[in-house]
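Got the sequence and the model side by side? Let's take a walk through them, one site at a time.

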Amino acid sequence: MYLHCQAERPYEACGLLSGRNGRAETIWRMANIDKSPVSFSMDLEQLQSVFHAIRARGERLVAVYHSHPTAPPVPSSEDIAFFSYPEAAYIIVSLTRKHPAFACYQIRERIVTPQKVSFY
Ligand SMILES: [Zn+2]
């Protein structure tokens, strides 16, 4: 995920994580069709084919991630307004420092709740 976010600089990177039982096992790098350093949009056709592939693997969407190349890992007002997967975690990777930092949130009905993430 970090590598993808670094590679897309100076633009925002975006992608999906899928897995089972809330545990991410697969990363899906998505195209940011905005090609913007301050926003991202995913391509609908690519989303459809990725969701199809996730189902075919017997997995579910666990998280949606995107990067903030020049901002802290805090959701912008657009991030909150346009997030449409309330069942998934919302991960933001910030690239403002030497080492990438990330934060994870749950966004439901525009209410943002920080989430804990653990690595295995
Ligand atoms: Zn954002």
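Helices and strands here are DSSP runs, at least four residues for a helix and at least two for a strand, numbered from the N terminus. Keep in mind that this is a predicted model. With that naming in hand, find Glu12, which sits in the loop between helix 1 (2-7) and strand 1 (14-20).

Glu12 is a good place to begin. Which side chain of opposite charge is nearest to this buried residue? That would be Arg9, but Arg9 is 12 Å away, and Glu12 has no salt bridge. A salt bridge needs a side-chain nitrogen of Lys or Arg within 4 Å of a carboxyl oxygen of Asp or Glu, so a gap of 12 Å rules Arg9 out. What Glu12 does have is the backbone nitrogen of Ser39, which lies 3.4 Å from a polar atom of the Glu12 side chain. Setting aside residues up to four places away in sequence, Glu12 also touches a list of others, among them Asn32, Ser36, Pro37, Val38 and Phe40. Two further names on that contact list are His66 and His68, and we'll come back to both of them at the metal.

Stay in this loop for a moment. Ala13 is found in the loop between helix 1 and strand 1 too. Its relative accessibility is 1%, and because buried means under 20%, Ala13 counts as buried. Leaving aside neighbours within four places in sequence, Ala13 is in contact with His4, Cys5, Glu8, Tyr65, His66 and Ser67. For a sense of distance, look across to Ser118: the C-alpha atoms of Ala13 and Ser118 are separated by 22 Å, with their positions 105 residues apart along the chain. Pro10 has its place in this loop as well, and the peptide bond leading into Pro10 from Arg9 is cis, with omega near 5°.

Now for the zinc ion. Which protein atoms are its donors? They are NE2 of His66, NE2 of His68 and two OD atoms of Asp79, lying 2.0 to 2.6 Å from the metal. Read along the chain, the donors follow the spacing H-x1-H-x10-D. The pair of His68 and Asp79 links distant parts of the chain, with His68 in strand 3 (residues 60-68) and Asp79 in helix 3 (residues 77-82), eleven residues apart. Both of these residues are tucked away from the surface by the accessibility count: His68 is buried at 6%, and Asp79 is buried at 8%.

What about the geometry of the site? The angles among the four donor atoms of the zinc ion run from 54 to 158°, and the site is irregular. Four donors count as tetrahedral if all angles lie between 85 and 135 degrees, so a range of 54 to 158° doesn't qualify. Bear in mind that water is not among the atoms, so sites may look incomplete.

Next, the charged pairs. How many salt bridges does the structure hold? Three. In one of them, the side chains of Glu25 and Arg20 meet at 3.0 Å, N to O. Glu25 is partly exposed at 45% relative accessible area, and Arg20 is partly exposed at 38%. Another salt bridge joins Arg57 and Glu59, at 3.6 Å. Here Arg57 is partly exposed at 44%, whereas Glu59 is buried at 7%.

Then there is the salt bridge between the side chains of Glu87 and Arg108, 3.6 Å from N to O. Glu87 lies in the loop between helix 3 and strand 4 (89-94) and Arg108 in strand 5 (residues 101-108), so this pair ties together parts that are 21 residues apart in sequence. Glu87 is exposed at 64%, while Arg108 is partly exposed at 36%.

Follow the chain on from there to finish with some backbone angles. Glu109 lies in the loop between strand 5 and strand 6 (111-115), and its phi is near 50°, a positive value in a residue other than glycine. Arg110 is placed in the loop between strand 5 and strand 6 as well, and Arg110 has a positive phi of about 65° although it is not a glycine. Are these residues buried or exposed? Glu109 is exposed at 76% relative accessibility, and Arg110 is exposed at 58%.

Conventions
Residues are numbered from 1 along each chain as its sequence is written. This is a predicted model: local features need pLDDT of at least 70, side-chain atom pairs count only at pLDDT 80 or more; totals for chains, interfaces and linings use all residues. Side-chain values use heavy atoms; hydrogens and water are left out. Donors are N, O and S atoms within 2.8 Å of the metal (3.2 Å for Na, K and Ca); water is not among the atoms, so sites may look incomplete. Four donors count as tetrahedral if all angles lie between 85 and 135 degrees; four count as square planar and six as octahedral if opposite donors are over 155 degrees apart and all others between 65 and 115; anything else is irregular. Buried means under 20% relative accessible area, exposed over 50%, partly exposed in between (1.4 Å probe, protein chains only). Lys and Arg count as positive and Asp and Glu as negative; His and the chain ends are not counted. A polar contact is a pair of N or O atoms within 3.5 Å; within protein, one must be able to donate a hydrogen and the other to accept it, and residues adjacent in sequence count only if both atoms are side-chain atoms. Contact means heavy atoms within 4.5 Å.
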